[in-house]
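Thanks for sharing this one. Here are my notes, in numbered points, to read with the model open beside you.

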Amino acid sequence: MSDDDMDEVLAEVGPRLRRIRKERGATLAGLSEATGISVSTLSRLESGLRKPSLELLLPIARAHEVPLDELVGAPPVRDPRVRTQPIVRHGRTYWPLTRQPGGLQAFKVLVPQAQDEPEPRTHEGYEWLYVMAGRLRLVLGGHDFVLTAGEAVEFDTRVPHWFGSTGEGPAEFLSLFGPQGERMHVRARPRRS
């Protein structure tokens with residue numbers, strides 16, 4: 001939330017406090033008695049001459065029997081859906097599933113049927129893959145795996161790796177990639193040594 005947004009939310013608290021008090025038929029004196037907050041402080045809150053604090057708003061919310069959100073007028077939650085356009089690179093289609101650049105990144109990836117020759121590469125980071133459909137070939141270090149729908153793998157991307165089609169059809173998978181080496185786990189419990 002920007003400073004301007006914060007100032008706007010705070011500026012609306014006073015009028016909201018006055019409206020709620022009047023809707024309930026309460027006077028400043030009655031609210032003062034119920035909350036232990038002086039009449040002058042309540043008046044300054046309602047007129048916007050005093051900034052609201054949690055210590056003041058909690059007893060007022062309790063006295064009016066309303067959630068704190070109703071007094072503050074919390075900003076609405078923005079639409080959480082990620083709406084991005086697919087990106088095609090080297091014949092593969094990537095759908096970014098995260099909005100923010102940097103940090104943990106999520107992608108849905110479609111690898112078309114092909115007979116590509118593996119070209120393992122390395123880079124900083126850690127990757128987690130979950131195969132949704134088809135068969136995905138993963139070359140990791142000296143290993144050559146074929147992953148099927150429902151299988152997941154995780155690996156350090158500093159190990160030479162390549163993934164692509166088995167040549168038997170397209171493969172669709174989810175990829176979580178942490179550029180700083182974050183580890184993504186699908187375990188329900190930590191491993192015991």
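1. Before anything else, please keep in mind that this is a predicted model. My notes start with the pocket, move on to the rings and strands, and end with the cavity.

2. The largest pocket holds about 790 Å³ of space. Its lining is made up of 20 residues, and those closest to the pocket centre are H90, R92, Y94, R121 and F163. If you would like a place to centre your view, those five residues will do nicely.

3. Which strands supply at least two residues each to the lining of the largest pocket? They are strand 1 (87-89), strand 2 (92-96), strand 3 (105-111), strand 8 (161-165) and strand 9 (171-178). Sorted by class, the pocket lining has eight nonpolar, seven charged and five polar residues.

4. Now for the rings. The count of aromatic pairs comes to three. One of them joins Y94 and F107 in an edge-to-face arrangement, with 6.3 Å from centre to centre and 85° between the planes. This pair links distant parts of the chain, as Y94 belongs to strand 2 and F107 to strand 3, 13 residues apart. F107 has 22% relative accessibility, so it counts as partly exposed.

5. Another aromatic pair is made by W128 and Y130, and this one is stacked: the centres are 6.3 Å apart and the planes differ by 10°. Are these two rings' residues buried or exposed? W128 counts as buried because its relative accessibility is 13%, under the 20% limit for that label. Y130, at 30% relative accessibility, is therefore classed as partly exposed.

6. Two charged side chains are also worth a look. The charged end of R89 sits over the ring of Y94, 6.0 Å from the ring centre. Y94 is thus a residue to view from several sides: it pairs with F107, it has R89 over its ring, and it is listed among the residues closest to the centre of the largest pocket. The charged end of K108, for its part, sits over the ring of W95, 4.9 Å from the centre of that ring.

7. Strand 9 deserves a point of its own. It is mostly covered, with six of its eight residues buried. Strand 3 runs antiparallel to strand 9, and seven bridges join them; here A106 stands opposite L176 of strand 9. Strand 4 (residues 126-133) also pairs with strand 9 in the antiparallel sense, over seven bridges. Y130, met above in the stacked pair, has L174 in strand 9 as its bridge partner.

8. Next, a quick stop at L136, which is found in strand 5 (residues 135-140). Its relative accessibility is 0%, so L136 counts as buried. The C-alpha atoms of L136 and S165 are separated by 5.5 Å, although the two residues are 29 apart along the chain.

9. Last, the cavity. How many cavities of 30 Å³ or more does a search of the whole structure find? The search finds one, and the volume of the largest cavity is about 30 Å³. Its lining consists of L17, L31, L42, E46, I60 and H64. Helix 3 (39-47) and helix 4 (54-64) each supply at least two of the cavity's lining residues. By class, that lining divides into four nonpolar residues, one polar and one charged.

Definitions and conventions. Residues numbered from 1 in each chain as written. Predicted model: local features only at pLDDT ≥ 70, side-chain atom pairs only at ≥ 80, totals over all residues. Heavy atoms only, no water. 1 Å grid on protein atoms, 1.4 Å probe; cavity = no way out; pocket = protein on both sides within 12 Å on 5 of 7 lines; lining within 4 Å. Points joined across faces, edges and corners; volume = space filled by probe spheres on them. Helix = DSSP H or I, 4+ residues; strand = E, 2+ residues; numbered from the N terminus. Nonpolar A, V, L, I, M, F, W, Y, C, P; charged D, E, K, R; others polar. Phe/Tyr/Trp six-rings, centres within 6.5 Å; stacked < 30°, edge-to-face > 60°. Buried < 20%, exposed > 50% of the residue type's maximum accessible area, 1.4 Å probe, protein only. Lys NZ or Arg CZ within 6 Å of the ring centre and 35° of its normal. Pairing = 2+ DSSP bridges.
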